[in-house]
Amino acid sequence: MKTISISSLNGMKISGEKFAAITAYDYTFSRLIENSSIEVSLVGDSLGNVIQGRDSTIPVTVDEMAYHTAAVKRGNNRSLLIADMPFMSYSTEVKALDNAAILMQAGAQMVKVEGGEWLADTVYLLSERGIPVCGHVGLTPQSVHKLGGYKVQGKEDEAAAQMIEEAQILEEAGADLIVIECVPSKLGGQLSAALSIPVIGIGAGPDTDGQVLVLHDMLGISQRLPRFTKNFLDGNNSIQEAITAYGDEVRDGTFPSKEHCFK
């Protein structure tokens with residue numbers, strides 16, 4: 001697999017090629033992900049749930065994210081490496097710049113932030129200073145208490161339109177990618193069509209440019225499996241085969257199927 005860059009993903013969007021992303025937290029799994037030709041590795045603050053055993057991502061710190069980013073980087077030479085900026089690490093523009101620098105120096109090639117229009121100035125400043133940014137709209141896990149739980153977002157027309165508008169604002173501010181989580185399939189497709197940058201879906205239907213899953217979910221080893229995930233270890237003989245199958249199914253459009261989508 002060739003080395004994946006932002007330009008690679010832009011080219012795939014233009015040509016209509018799907019791409020796969022998966023979370024990674026350590027060196028060993030990072031090697032397996034690379035050997036499976038997955039295009040994007042995301043060091044997710046979901047490590048709070050699946051690595052640390054916490055009930056949300058909120059307790060995860062910048063130092064913890066930097067530690068895991070460095071470990072993943074050692075096993076990754078090809079896929080685009082994105083690191084989540086954890087809760088309140090980008091609450092001000094100064095914090096965002098300082099903490100993004102820590103993650104980039106740990107090995108990230110892009111940072112991901114959760115939120116909409118209020119992040120536009122921060123995204124602009126990061127991008128202006130050479131730090132690529134991935135936005136995240138829809139269900140934003142760092143706001144789980146404000147949202148009242150892990151609920152599908154954008155079900156009403158007004159909420160869907162606002163989500164698209166805010167994603168467009170992030171793109172105009174300089175965002176290079178957008179993740180959209182837990183929304184009706186129709187909205188996932190609409191958002192992908194409305195943006196010129198690639199859109200990665202998780203529980204957002206089959207019409208986004210790429211898909212991302214939490215590693216432990218797609219291996220079927222999480223305590224609770226979200227509706228939008230699939231156990232790829234079932235029917236495969238190894239973790240390597242499972243990750244490869246996930247990437248193949250994303251690229252050929254087999255995953256996600258209707259059972260993994262929201263109406």
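Begin by selecting helices H6 and H8, which are roughly parallel to each other because angles under 35 degrees count as such, their axes crossing at roughly 25° and coming within 8 Å. Keep in mind throughout this tour that the model is predicted. With H6 shown as residues 120–128, the crossing of the pair can be followed in the viewer as a right-handed one. To see the side chains involved, display Ala120, Val123, Tyr124 and Ser127 on H6, which meet Ile169, Leu170 and Ala173 on H8. Sorted by class, this contact of H6 with H8 comprises 6 nonpolar residues and 1 polar residue, with no charged residues.

Stay on H8 and select Ile164, which lies in that helix. Ile164 has a relative accessible area of 15% and is therefore buried, the cut-off being under 20%. Leaving aside neighbours within four places in sequence, show the residues in contact with Ile164, namely Leu187, Gln190, Leu191 and Ala194. If you then draw a distance from the C-alpha of Ile164 to that of Thr92, the viewer should span 24 Å in space, for a pair that is 72 residues apart in sequence.

The next selection is helix H9, residues 185–194, in which Ser185, Leu187, Gly188, Gly189, Leu191 and Ser192 are buried. What covers these buried residues of H9? The cover includes helix H1 (6–15), strand E5 (133–138), helix H8 (157–173), strand E6 (177–181) and strand E7 (199–202), and colouring these elements separately lets you follow each of them around the helix. Two of the buried residues, Leu187 and Leu191, are also among the contacts of Ile164 listed above.

Move now to a second pair of helices, H2 (residues 27–35) and H11 (residues 239–251), whose axes are 9 Å apart and which pack at an angle of about 50°. That angle makes H2 oblique to H11, and H2 passes H11 in a right-handed crossing. Display Phe29, Leu32, Ile33 and Asn35 on H2 together with Ile239, Gln240 and Ile243 on H11, since the contact is made by these residues. By class, the contact of H2 with H11 has 5 nonpolar and 2 polar residues, and no charged residues.

Further along the selection, pick Glu249, which lies in helix H11. Is Glu249 buried or exposed? Its relative accessible area is 18%, so Glu249 counts as buried, the limit being under 20%. With neighbours within four places in sequence left aside, Glu249 is in contact with Lys230, Phe232, Thr254 and Phe255, and these four can be shown as sticks around it.

Finish at Asp84, which lies in strand E3, residues 80–84. Asp84 is buried, with a relative accessible area of 4%, and two polar partners can be picked out for its side chain. The side chain of Lys112 makes a polar contact with the side chain of Asp84 at 2.8 Å, while the backbone nitrogen of Asp45 lies 2.8 Å from a polar atom of the Asp84 side chain. To complete the picture, extend the selection to the residues in contact with Asp84 beyond four places in sequence: Leu42, Val43, Gly44, Asp45, Met65, Leu103 and Lys112.

How values were computed. Residues numbered from 1 in each chain as written. Predicted model: local features only at pLDDT ≥ 70, side-chain atom pairs only at ≥ 80, totals over all residues. Heavy atoms only, no water. Helix = DSSP H or I, 4+ residues; strand = E, 2+ residues; numbered from the N terminus. Buried < 20%, exposed > 50% of the residue type's maximum accessible area, 1.4 Å probe, protein only. Polar contact = N/O pair within 3.5 Å; in protein donor to acceptor, adjacent residues only side chain to side chain. Contact = heavy atoms within 4.5 Å. Axes fitted to C-alpha atoms, helices over the stretch in contact; angles between N-to-C directions. Parallel < 35°, antiparallel > 145°, perpendicular 65-115°, else oblique. Left-handed = near helix turned anticlockwise from the far one by under 90°. Nonpolar A, V, L, I, M, F, W, Y, C, P; charged D, E, K, R; others polar.
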